[in-house]
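Thanks for coming. I have one model to go through today, so please pull up the display.

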Amino acid sequence: MIVTAPSQDQSKNGPRAINMNTDIPGILRLLELVFGASLDADGQRMFAHTANAAQSPAILWRLSPAAAKLSLGFVWEADGRIVGNVTVLTTEMPGRFLVVNVAVHPDYRRQNIARLLMKQVENLVQQRGGNQILLQVVKQNNAAVDLYKSLNYSTIGSMTNWSTSISRLRRLDLNLENAGPPIRELKRHEWREAYRLDRLALHDDLHWPEHLKPDAYKTGFWASVGNLLNGRQTETWVTGSAQNKLVGLAKISTEWGRSHEMTLRVHPSWQGRLERPLLAKLIRRLQNMPRRNVQIEHPDDDELVNALLQEANFQPRRTLTHMRLDLK
Ligand SMILES: CC(C)(COP(=O)(O)OP(=O)(O)OC[C@H]1O[C@@H](n2cnc3c(N)ncnc32)[C@H](O)[C@@H]1OP(=O)(O)O)[C@@H](O)C(=O)NCCC(=O)NCCS
């Protein structure tokens, strides 16, 4: 049985499945109250579009793509309004579900509302044959981290988002000792090996919301046409071992109107030796690119890369901890 049918008794206090016909304006009001100040640019844009949520007839929200993302999950109703919410998202991998928008109105906290809503999510995922629930939480958000730990979620790791602008970027010094093995462009036929290296360097569940796709580093004809149409460009630099196995990889992705995005992956047995030369290479390349912001997501426990990013004048913006519950 799938627990997404609208509740018959809308006035009842407590948890129930989201009713798309009536709940969306109330959920948006709650999310704006709880997350308003901390929303990223995409979130702010969504609320700018939905600023008139309270005025629009609730039923019209069925047609909104923003509301569609809220359609699976649970709310907690009290005193005639929505005071708690959790949203469940499906992923491309069968059995793998995500939880987002965990929010309880400040006047109703510490009454077990979030815990019971999360339990409803667990039941829902189990009923759908799922075996994994994943979520991201701001590392310093102790209340939420404690909540998830108390529900047996385990920590996979944390990713820090760093950013700067090209005009503020500082070059990284290289001397003969830290120049490392030669850096060259990834060859077209090496895409499988690049994928393998990425998976060795970074835990699958630190990719969000989907796992890395096997063809993530493939640059065939159709991928190039797609990139051209979207104003997207990528360049991937690698270093090989003496046996010519890929051991380090650094990538820049650029897309029209967006920040440049960097990726850095180093084979576990080469860590400490390749980060500086690979990052130095990316920074030199970026300095010839359109003047925009640059960002990188990287594991927060990589102290060497943290220091190098600071040296290059990046600032940490936020660190998200990834947590997972495995269901029997
Ligand atoms: C995090 C949040 C959802 C918790 O909601 P809640 O309904 O107050 O939580 P519950 O009453 O169900 O608490 C369950 C457990 O979570 C932990 N917890 C909740 N609030 C906590 C707090 N302020 N400090 C420490 N632990 C806390 C405790 O382990 C608690 O169990 P206990 O009360 O037996 O000690 C709520 O504080 C909130 O909406 N915060 C802002 C939005 C947010 O950060 N969402 C999480 C995004 S990932």
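I will go through the chain, then the sheet, then the ligand shell.

This is a predicted model, where local features need pLDDT of at least 70, side-chain atom pairs count only at pLDDT 80 or more, and totals for chains, interfaces and linings use all residues. Residues are numbered from 1 along each chain as its sequence is written.

The protein chain has nine helices and 12 strands, taken as DSSP runs numbered from the N terminus, with helices being H or I of at least four residues and strands E of at least two. Of its 328 residues, 30% are buried, meaning 20 or more other C-beta atoms, placed from the backbone, within 10 Å of a residue's own.

Next, the sheet. The 12 strands make an open, mixed sheet ordered E1-E2-E3-E4-E5-E12-E6-E11-E10-E9-E8-E7; two strands pair if DSSP finds at least two bridges between them. Strand E1 (14–17) and strand E7 (183–185) are at the edges with a single partner strand each, so one side of each has no neighbour in the sheet. E4 and strand E5 (residues 132–138) run parallel, joined by three bridges. Arg-96 is opposite Gln-132 in E5.

Now the ligand. Which residues come nearest? Of the 19 around the ligand, they are Arg-109, Ala-114, Arg-115, Ala-143 and Leu-147; a residue counts as near if its C-beta atom, placed from the backbone, lies within 6 Å. Strand E4 (96–104), helix H4 (113–127) and helix H5 (142–150) each supply at least two shell residues. H5 gives the most, six residues.

Technical notes. Buried ≥ 20, exposed ≤ 12 C-beta atoms within 10 Å, placed from the backbone.
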